[in-house]
Amino acid sequence: MAAQKINEAHEHIAKAEKCLKTSMTKWKPDFDSAATEYSKAAVAFKHAKQFDQAKEAYLKEAEYHTENKALFHAAKAYEQAGMMLKDMKRMPEAIQLIEKACVMYVENGTAGTAGIALDRAGKLMEPMDLEKAVDLYQKAAYVFETEDRLTQAAEMLGKASRLLVRLRKLDDAAASLQKEKTMYKDLENYPTCFKKTTAQVLIHLHRGDFVAADKCVRESYSFPGYNNSEDCVAMETLLQGYDEQDEDQVHRVCNSPLLKYMDNDYAKLAISLRVPGGGGGKKKKTPAAPQGGAGGPAAAAADDDDYEEGGLC
């Protein structure tokens, strides 16, 4: 079967080369027919698992479509060549060709197709290079935004934001989330804005910037319905507990279903959040001193309780 497909591919290449020849009666090469034959050759090589030869055939197809000013078809061929490189585990080269295809899609006026291709490329890169995946998702977001496709643009930024959190690039993640939130506001998707505010608060608190976290919540009061939402109540409670170094309160909010069932990268931020100087555990409330003074019987009893509970530690 493989040998048959390889022979078939070579037959198509021979036909393509014939289309490119000129003569006294044929002054110009037939680029369109040559591209078609190379496309058929590439498919045959692919079925025979000859990915390198399939890649070369797709590149030839792209070249002749470009000569014929058929940019969309040229871009498709470059994208297919990239997928052959992916099958050969040559991801950096694959991504280069897919990005080249996306530039041609945009030049052709089909930017939406470019955004879809960049999204696919981002998914391919996630397991091996998170930073490159972020770059691809951000490019996809930009392409969709220029086409006024804000829903898709926000989705791409969402993927980039989560990966930036995973990379611990929290400043960049906060900026990315702000862009997301602005897009969802323009779309009047306010419940999603609430979730983005919650994610921002978690990021800012991990950055140690309480003021920025508080500002995010205050700015969100302008969203219809935010004041009475469970997101608002949770964030106000979290900020109060964080500001007062009440580890019990912070722990309760961060382990509530509202935060634990967020996207995984944000849920991890919630579970790992600690108040400053808290030592990583729940803060134990210090008993109030009795009116009789710090050295009275009640204070001594509290000291005895502490000794029995914690020992010499």
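In this predicted model, the largest pocket holds about 190 Å³ of space. Three helices each give two or more residues to its lining: α7 (130-146), α8 (150-166) and α9 (170-186). Of these, α9 supplies the largest share, with five residues. Going through the lining of the largest pocket by name, we find Gln138, Ala141, Tyr142, Glu145, Leu157, Leu164, Asp172, Ala175, Ser176, Lys179 and Met183. Sorted by character, that lining comes out as six nonpolar, two polar and three charged residues. As for how such a space gets found at all, rolling a probe the size of a water molecule over the atoms shows where empty space is left.

Stepping back to the whole chain, the fold has 16 helices and zero strands. The chain runs to 313 residues, and 42% of them count as buried. About 17000 Å² of surface is exposed, with carbon and sulfur atoms supplying 51% of that area. Contacts across the sequence also turn up: among contacts with a separation of 6 or more, 56% join residues 24 or more positions apart.

Two helices are worth a look in turn, starting with α6. Helix α6 covers residues 111-125, which makes 15 residues, and at 1.5 Å a residue these should span 21 Å; the end C-alpha atoms are 21 Å apart, so the expected and modelled spans agree. The buried residues of α6 are Ala111, Gly112, Ala114, Gly115, Ala117, Leu118, Asp119, Ala121, Gly122 and Met125. Steps of three or four places keep coming back in a list of this kind, and there is a handy rule to set beside it: an α-helix has 3.6 residues a turn, so residues three or four places apart point the same way. The partners that the buried residues of α6 pack against are α4 (71-87), α5 (91-107), α7 and α8.

Next comes α10, residues 190-206. Its 17 residues should span 24 Å at 1.5 Å a residue, and the end C-alpha atoms sit 25 Å apart, which agrees. Helix α10 is mostly covered, with twelve of its 17 residues buried. Those buried residues are Cys193, Phe194, Lys196, Thr197, Thr198, Ala199, Gln200, Val201, Leu202, Ile203, His204 and Leu205. They pack against α8, α9, α11 (210-220), α12 (230-243), α14 (257-260) and α15 (264-272). Just past the end of α10, Gly208 takes a positive phi of about 80°.

Finally, two single residues make a nice pair to look up in the structure. Glu147 sits in the loop between α7 and α8. With a relative accessible area of 38%, Glu147 is partly exposed, because that class runs between 20% and 50%. Once neighbours within four places in sequence are set aside, Glu147 is in contact with Ala111 and Gly112, both of them among the buried residues of α6. Glu147 and Gly112 are 35 residues apart in sequence, yet their C-alpha atoms are 7.2 Å apart in space.

Ser161, by contrast, lies in helix α8. Its relative accessibility is 0%, so Ser161 counts as buried, the cut-off being under 20%. Not counting residues up to four places away in sequence, Ser161 touches Ala173, Ser176, Leu177, Glu180 and Tyr266. One of these, Ser176, also lines the largest pocket.

Conventions:
Residues are numbered from 1 along each chain as its sequence is written. This is a predicted model: local features need pLDDT of at least 70, side-chain atom pairs count only at pLDDT 80 or more; totals for chains, interfaces and linings use all residues. Side-chain values use heavy atoms; hydrogens and water are left out. On a 1 Å grid over the protein atoms alone, a cavity is a set of points where a 1.4 Å probe fits but cannot get out, and a pocket is an open set with protein on both sides within 12 Å along at least five of seven lines; lining residues have an atom within 4 Å of a point. Grid points are joined across faces, edges and corners, and a volume is the space filled by probe spheres set on the points. Helices (H or I, at least four residues) and strands (E, at least two) are DSSP runs, numbered from the N terminus. Ala, Val, Leu, Ile, Met, Phe, Trp, Tyr, Cys and Pro count as nonpolar, Asp, Glu, Lys and Arg as charged, and the others, Gly among them, as polar. Buried means under 20% relative accessible area, exposed over 50%, partly exposed in between (1.4 Å probe, protein chains only). Contact means heavy atoms within 4.5 Å. Accessible areas come from the Shrake-Rupley method with a 1.4 Å probe; for residues, only the protein chains shown count as cover. The expected span of a helix is 1.5 Å times one less than its number of residues.
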